[in-house]
Amino acid sequence: MDRILAESGLEDAFVRRHLGACSEKDSERKRGFRAKVARKALRHAILLAVTGLSVRELAMRLPDSPLFAWFTGSVQIDGVRPASKSTIERFEKMFAEDDVAQLVHDLNRLAMDATAAPALLLEKPLDVEEVFADTTCVEANIHFPVDWVLLRDAVRTLTKAVSLIRAQGLVNRMSSPAQFMRQMNQLCIEMTHAGRTKDARRTRKAVLRKMKKLAKVISRHAQRHRDLLVAEREKTAWSDAQAQQVLARIRNVLEQLPAAIHQAHERLIGERQVKNADKILSLYEPDVRVIVRGKAGSAVEFGNGLYLAEQAQGLIVDWAFIREQPPSDGSLVAGSLVRIEANYARPGAFVADRGFHSKANAARLESAGVFNAICPKSVRDLQKRLEDDPRFRQLQTRRGSTEARVAILTNDYVGTPLRSKGFKNRSARIVWCILAHNLWKLAAMAAARQREAREARAA
């Protein structure tokens, strides 16, 4: 991976693009320092994605691993220490997502360039003659969205914020915040054990009414402390940014608490269903969606949809991380073909499962001159094509590896669940993981080629 980044010129070009946004008035020494930091940031972000570690775990591993220290340029000389967890997190967020995506496409195009293939130790250049697509769900790092647990989350956040404000000397008349939290925990225990009682439904409704009452009391205390902090922030030891951070936590919960109470009331007391589009799944991750997959062990997942397309050797050439409720798989084909043709070339064949099948896609692929290897929804049509079309049969056999490619990316690189917070950070993290995956794939192919050459010389 180090050889691919350094000798191909990809790393230098990426750093130059990053420095292009810097001021031209910067001295040569300052630009050199910026370039050094940018290289370290790129290497740390790639290593974070390759290892699948958290930023804290990677910060602990760097001093113990000579290999990690060498790859990131963090060798301890003259008291220079490896990056801390906060620095590693800043490194990952230093570059724009579009710049990292451009680096992914540059890497792929390099592997598809006949003149550059020998430098990467590839037997022959890769291509996008055959594209294999699939979709999955990237699970968000939230607990299972139980309605009454949302009230517990709201109370916990508000009581912690109130405790911080009171610790700064801004107090309003109320009981101890810790006492309110104890009361809510006791109600949560009662709700948990309510299902074992004889009259479970009535018990659950009675406990929820107490939770609603307590949540409203705590929300009023939080509002008064919020107003007190806004009016008398100068009396605290906080800066304006620190105060705004606490105020943002309170504001986020107070804005959603009425809807969370209404949702719990409708489902538990009113015993009425709430539409998925109207549900609050997390007070802290508003972009998480309910994704019904209907698979064994994961009938319903909570996260965001991810579309992936790989070429025959396993490089990911196209992707889309979907913020809203994921559309049908078939509606993703048109945009993917446009992006693949813009970044590489028009593919010769498009392969996917039956979820991508539609008459519109069949007509679109035929008009574009792309071989349609999408699995038909009709079992009879599928059997006929498998019997009569050898190329379709071969491509559908290869499509099974795409399922493995999706599992490798989500489990070994992205993580289940994805730990990054906020849709923007989750989307950027996925692009870093795709870059690390493609780098690792090319490096593995080069290592296999070297191993074969050594065995041939030994023979």
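Tutor: A disulfide is a pair of cysteine sulfur atoms within 2.5 Å. This model is predicted, and a search of the whole structure finds zero disulfides.

Student: Which cysteine sulfur is nearest to that of Cys433, and how far away is it?

Tutor: The nearest is the sulfur of Cys137, 15 Å away, and Cys433 takes part in no disulfide.

Student: Is Cys433 buried or exposed?

Tutor: Buried means under 20% relative accessible area. Cys433 has 0% relative accessibility and therefore counts as buried. Cys188, at 9%, also counts as buried.

Student: How should one read the crossing of helix H15 and helix H16?

Tutor: Angles of 65 to 115 degrees count as roughly perpendicular. The axes of H15 (residues 390-414) and H16 (residues 423-458) come within 10 Å and cross at roughly 110°. H15 is therefore roughly perpendicular to H16, and their crossing is right-handed.

Student: Which residues of H15 and H16 meet?

Tutor: H15 contributes Arg405, Ile408, Leu409, Tyr413 and Val414; from H16 come Arg429, Ile430, Cys433, Ile434, Ala436, His437, Trp440 and Lys441. By class, this contact of H15 with H16 comprises nine nonpolar, one polar and three charged residues.

Student: At what angle do the axes of H8 and H9 cross?

Tutor: Angles over 145 degrees count as roughly antiparallel. The axes of H8 (residues 147-167) and H9 (residues 177-194) cross at roughly 170° and come within 9 Å, so H8 is roughly antiparallel to H9. Among the residues making the contact are Trp148, Leu151 and Val155 of H8, with Phe180, Met184 and Cys188 of H9. The contact of H8 with H9 has 10 nonpolar, four polar and three charged residues.

Technical notes
Residues are numbered from 1 along each chain as its sequence is written. This is a predicted model: local features need pLDDT of at least 70, side-chain atom pairs count only at pLDDT 80 or more; totals for chains, interfaces and linings use all residues. Side-chain values use heavy atoms; hydrogens and water are left out. Axes are lines fitted to C-alpha atoms, for helices over the stretch in contact, and angles run from 0 to 180 degrees between N-to-C directions. Helices (H or I, at least four residues) and strands (E, at least two) are DSSP runs, numbered from the N terminus. Angles under 35 degrees count as roughly parallel, over 145 as roughly antiparallel, 65 to 115 as roughly perpendicular and the rest as oblique. A crossing is left-handed if the near helix is turned anticlockwise from the far one by less than a right angle, and right-handed if clockwise. Contact means heavy atoms within 4.5 Å. Ala, Val, Leu, Ile, Met, Phe, Trp, Tyr, Cys and Pro count as nonpolar, Asp, Glu, Lys and Arg as charged, and the others, Gly among them, as polar. Buried means under 20% relative accessible area, exposed over 50%, partly exposed in between (1.4 Å probe, protein chains only).
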